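Here are some short exercises for you to work through with the model open beside you. Try each task before reading its solution.

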Amino acid sequence: MSVTELDAVEAEAATEPRRVNKKELRAARGLLLPAVIFLVLLTQVPFVVTIVYSLLRWNLLYPNDRGFTGISNYVSALTSGDLWPSIVATVLITAFSVILSVALGMLFAILLDRPFRGRAVARTLMITPFLVMPAAASLIWKYSMFDTNIGILNWLSRTLGLPVVSWSTEHPMLSVVIVLTWQFTPFMMLILLAGLQGQDKGILEAAQVDGAGTWRTFTWITLPHLRMYVEIGVLLGSVIILQVFDPIAILTKGTGGTKTLAYLLYERAFIGLDVGQAAAYGVVTVILTIIVATVALRTLFKVFMAGGSR
Amino acid sequence: MNRSLRGSLVTLVTWVLVLAFFFPVFWMILNGFKPESVASSVNPKLFFTPSTEGYQLAMDRGMKGYLLNSVTAAVTATVVAVVLAIPAAYALSIRRVKNVENALSFFISTRFMPLAAVVLPLFMILKTLGLLDNIYVLAIVYGAVNLPVAVWMMRSFFLEVPFEIIEAARVDGAGLGREIFRVALPLVLPGVASAALITFIFSWNEYFLATLLTSSAARTTPPFLGSFVDGRGQFLAVLSAAATIAALPVIVAGWAAQKQLVRGLSMGAIK
């Protein structure tokens, strides 16, 4: 169905009391129901329970001292001094990683869009970092790249006569951002490359015939065309990286301003055993994600409703 | 500078950058084949006598069991997600459903919900039921986490099935089941495959839930790798070997299905 046809059907449904084929409608609901029930049970119900937990005084170390406590978990979260640094860490890590991986992804997409010998191989090698298991990637970077003794980066430093740096302890935030950027650049590259290849070649040729230089063609034609792809990449990347846990747990254990909300919750719940407090952090994480996702969802819906079907 | 020279220069730069980007993976694979003393030496060595010592040590640490758990979790999750996603995606594309938009935002929103928001109750409930450290339970949770993406992707494929084909089948008196599974589904098999691939990749690589919901019997590969952080002494060869084994299935699958990957990663928004 094309977009216009879809619109027509939608309009018809809105105006006319559609000849509702009740049987058909029931069947459609029946088809959706299993998935919806499954999702409600495994994601919505637990989230509601998390909200309830966040209103409870409940530390597993004191199992008998359990009761309703209102918003005090939130109050103590706000006043404990852990929450804000954690939000800052989460937002900074997400922002830096997403911006850097989009920029690098754009560079690689442009480089790999032009024909050259072995392009397929280069492209295949380029997407690999995204496929490497994140836990493995973090470990490999921690030991074989960042390590002060056996890390390649410090071997390079020594060879060039530069000072040796203990990356994950001296620059924890940078280390985490490097690993995430390395993992997500291929993700952005794939999406942007699809955008480049989906360009109308006729328009590009016409621009060339009209004497527009490479740079002008890029900024006036290619970039506006890529906007949608950049938006999709940014929003999906943000939503995934906002939950970042693996590189924190493996590279820094939350030290040096890298304690993201997910890691903070993990610490409170599974090391501190404070369920109520941890649940409050969980709810805060959701609120933060909703703020990012609302902006993101709006974009995605626009894309999805307009061009997504065709 | 003439055109072809400039072209070769750009190609050279491209290759240098690509190889630099790939280097950590190359180094991981190489280190896995080094004897421990070579891998952990301060001066990196490119040439050495290959050894399978690292792989041997990884297996000695029980890696086979963790890999089996990972396979069980990822395959089961994929089956769960695909089986539930096919009818839902079909209902959201070809058949008219009231409030399609609402249903869709519901599906997307569950994907955007951070795992942190659901893990505590899941942990408590599973603990009460004695279902912690159960690989199938972990797999079902993975299925739920990936279901929204699967529905979304498959919907974008179902939308491309010409409606006339469906109508013709209906005129011929095909029932709902026949209409979906015999008529529409064969046309969207690539879409189903890419949804399955994405679910498999995400489940195989998942670390957070695996760490919290499993301990020994159902422990998967990512938390097993994570346990290397507390390792003492020389262990780069065994770590690299273990990381290589763990990453390999997804790398190979991803290489084989590059085309589908793009559409999968963009949740179907990009063809």
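**Exercise 1. Describe the lining of the largest cavity, starting with its residue classes and then placing it in the two chains.**

Keep in mind that this is a predicted model.

Step 1. Sort the lining residues of the largest cavity by class: 22 are nonpolar, five polar and three charged.

Step 2. Look for the residues around the middle. Among the 30 lining residues, Pro134(A), Ile240(A), Asp246(A), Arg111(B) and Phe202(B) lie nearest the centre of the largest cavity.

Step 3. Assign the lining to elements. On chain A, H9, H11 and helix H12 (246-252) each give two or more residues, and on chain B helix H7 (135-158), helix H10 (189-205) and helix H11 (208-213) do so as well.

Step 4. Add the volume: the largest cavity holds about 680 Å³ of space.

**Exercise 2. Find how many cavities the structure has, and characterise the second largest.**

Step 1. Searching the whole structure for cavities of 30 Å³ or more gives five.

Step 2. The second largest cavity has a volume of about 120 Å³.

Step 3. Its lining has 13 residues, and nearest the centre lie Leu236(A), Ile240(A), Arg111(B), Phe202(B) and Met267(B).

Step 4. At least two lining residues come from each of H11 of chain A and, in chain B, helix H5 (100-112), H10 and helix H14 (258-265). H11(A) is the top contributor to the second largest cavity, with three residues.

Step 5. By class, the lining of the second largest cavity has 11 nonpolar residues, one polar and one charged.

**Exercise 3. Work out what the contact between chain A and chain B is made of.**

Step 1. Count the residues taking part: 104 from chain A and 99 from chain B.

Step 2. Turn to area. The two chains bury about 9300 Å² between them, with 80% of it on carbon and sulfur atoms. Leu31(A), Leu131(A) and Met133(A) supply 8% of the area that chain A buries against chain B, more than any other three residues.

Step 3. Check the polar side of the contact. There are zero salt bridges between chain A and chain B, while 11 residue pairs are in polar contact, counting pairs with both residues at pLDDT 80 or more.

Step 4. Ask which element of chain A gives the largest share of the side that touches chain B. Helix H2 (residues 22-54) does, with 21 residues.

Step 5. Classify that side of chain A: 78 residues are nonpolar, 15 polar and 11 charged.

**Exercise 4. Locate the largest pocket and say what lines it.**

Step 1. The volume of the largest pocket is about 1200 Å³.

Step 2. Of its 22 lining residues, Ile110(A), Asp113(A), Arg114(A), Gln208(A) and Thr214(A) are the closest to the centre.

Step 3. Two or more lining residues come from each of helix H4 (83-113), helix H9 (172-197), helix H10 (201-209) and helix H11 (214-241) of chain A, and from helix H1 (3-32) of chain B. H11(A) gives the most to this pocket, with five residues.

Step 4. Finish with the classes: the lining of the largest pocket has eight nonpolar, seven polar and seven charged residues.

Key
Residues numbered from 1 in each chain as written. Chains lettered and ligands numbered in written order. Predicted model: local features only at pLDDT ≥ 70, side-chain atom pairs only at ≥ 80, totals over all residues. Heavy atoms only, no water. 1 Å grid on protein atoms, 1.4 Å probe; cavity = no way out; pocket = protein on both sides within 12 Å on 5 of 7 lines; lining within 4 Å. Points joined across faces, edges and corners; volume = space filled by probe spheres on them. Helix = DSSP H or I, 4+ residues; strand = E, 2+ residues; numbered from the N terminus. Nonpolar A, V, L, I, M, F, W, Y, C, P; charged D, E, K, R; others polar. Contact = heavy atoms within 4.5 Å. Buried area = accessible area lost by both parts, 1.4 Å probe. Salt bridge = Lys/Arg side-chain N within 4 Å of Asp/Glu carboxyl O. Polar contact = N/O pair within 3.5 Å; in protein donor to acceptor, adjacent residues only side chain to side chain.
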